Amino acid sequence: MLLELKSIDVYYGKIKAIHQVSLAVDSSQIITLIGSNGAGKSTTLRTISGLSHPKTGEIWFDGERIDRLSPVDIVKRGIAHVPEGRRVFPTLTVLQNLYTGAYLRRDQKKIDQTLDQIFQYFPILAERRNQRANTLSGGEQQMVAIGRVLMSAPRLILMDEPSLGLSPKLVHEIAGIIRNIKETGVPIVLVEQNAELALKLANYAYVMEVGRISLKGPAEDLHNNDHVRKAYLGV
Ligand SMILES: Nc1ncnc2c1ncn2[C@@H]1O[C@H](COP(=O)(O)OP(=O)(O)OP(=O)(O)O)[C@@H](O)[C@H]1O
Ligand SMILES: [Mg+2]
């Protein structure tokens, strides 16, 4: 397994946000975490990224225990996070924002190759490369946020609600790009409230309910599961 969470508990002060969460990600795989508001999805991603630390349990990445490392050290190991709410540097241009993702890389030629790839994924970003990020639409900012993560040449991507607030057309585009990223062999942990989309994209899925994993299985199976259909697919 590339990434493994082993029975982690995460607290905010005295409040336990996550109880005994275990999950595993293999290479070339999309796993998804679905669940309602406050279930603990973002907390799980933040804990993988080192922004929170589990009180008990362990997180392993590529044979190394990482749950005590700082966020910077976790980024250095190749784990990249597209946070909730598509954060970009507002006063930097599109190009400057993208280059911030590459700050740990040295090989300019390879960085430029990644940039070309991102501009192929998102041609609009090439057009707007010198435009300040705060003048972009929400969807374009999401593209910048995803592009910046790709610029780091990550070994694992954590994506928090990439479809939130986007038009159906853009959701479709982003879904295509998530598939493309997977084809390039980079695994993704995808957090989504759009369960329909997430279960279509993912190989394996976990359902989170009030801080716990209540259900897990191949995405296709969960898509056919009665509880999932009623609670998350509105069927
Ligand atoms: N910084 C914080 N301080 C205290 N409690 C927090 C903090 N962040 C999250 N929580 C609490 O932890 C629980 C899990 O929140 P989390 O953001 O992980 O949920 P989520 O599944 O991502 O929800 P959403 O779908 O709304 O984004 C919630 O009860 C939330 O109120
Ligand atoms: Mg969240």
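**Glutamate 84 and the magnesium ion**

I looked up glutamate 84 in this predicted model and found that this residue counts as partly exposed, at 35% relative accessibility. I then asked which protein atoms serve as donors to the magnesium ion (ligand 2). The donors are Ser42, through OG, and Glu84, through OE, and they lie 2.0 to 2.5 Å from the ion. I noted that the two come from distant parts of the chain, 42 residues apart, with serine 42 in helix α1 (residues 41-48) and glutamate 84 in the loop between β6 (79-82) and α3 (94-100). Serine 42 has a relative accessible area of 16% and is therefore recorded as buried, the cut-off being under 20%.

**Salt bridges**

I searched the whole structure for salt bridges and noted nine. For lysine 200 and glutamate 196, I found that the side chains meet with an N to O distance of 3.8 Å. Where do these two residues sit relative to each other in helix α8? They are four residues apart in that helix (residues 195-201), so about one helical turn separates them. I recorded lysine 200 as exposed, at 57% relative accessibility, and glutamate 196 as partly exposed, at 31%.

I also wrote down that shared partners join Glu58, Arg65, Asp67 and Arg68 into one salt-bridge network. Within this network, arginine 65 bridges to glutamate 58, with the closest N and O atoms 3.4 Å apart, and arginine 65 also meets aspartate 67 at 2.8 Å, N to O. Is aspartate 67 buried or exposed? Aspartate 67 is buried, with a relative accessible area of 2%, whereas arginine 65 is partly exposed at 38% and glutamate 58 is partly exposed at 27%.

**Tyrosine 206**

I located tyrosine 206 in strand β9 (residues 204-209) and found it buried, with a relative accessible area of 4%. Its C-alpha atom is separated by 4.3 Å from that of lysine 216, although the two residues are 10 residues apart along the chain. Leaving aside neighbours within four places in sequence, I listed the contacts of tyrosine 206, among them Ser22, Leu23, Ile31, Leu33, Ile213 and Lys216.

**Nonpolar cores**

I looked up the largest nonpolar core, which has 52 residues, and noted that Phe122, Ile157, Met159 and Ile181 have the most contacts inside it. Not counting residues up to four places away in sequence, isoleucine 181 touches Tyr121, Ile146, Leu150, Ile157, Met159, Val186 and Ile188. I then recorded a second, separate core of 27 residues, which includes Ile8, Ile66, Ile74 and Ile79.

How values were computed
Residues are numbered from 1 along each chain as its sequence is written. Chains are lettered from A and ligands numbered from 1 in the order in which they are written. This is a predicted model: local features need pLDDT of at least 70, side-chain atom pairs count only at pLDDT 80 or more; totals for chains, interfaces and linings use all residues. Side-chain values use heavy atoms; hydrogens and water are left out. A nonpolar core is a set of buried Ala, Val, Leu, Ile, Met, Phe, Trp, Tyr and Cys residues joined through side-chain atoms within 4.5 Å. Buried means under 20% relative accessible area, exposed over 50%, partly exposed in between (1.4 Å probe, protein chains only). Contact means heavy atoms within 4.5 Å. Donors are N, O and S atoms within 2.8 Å of the metal (3.2 Å for Na, K and Ca); water is not among the atoms, so sites may look incomplete. A salt bridge is a side-chain nitrogen of Lys or Arg within 4 Å of a carboxyl oxygen of Asp or Glu.
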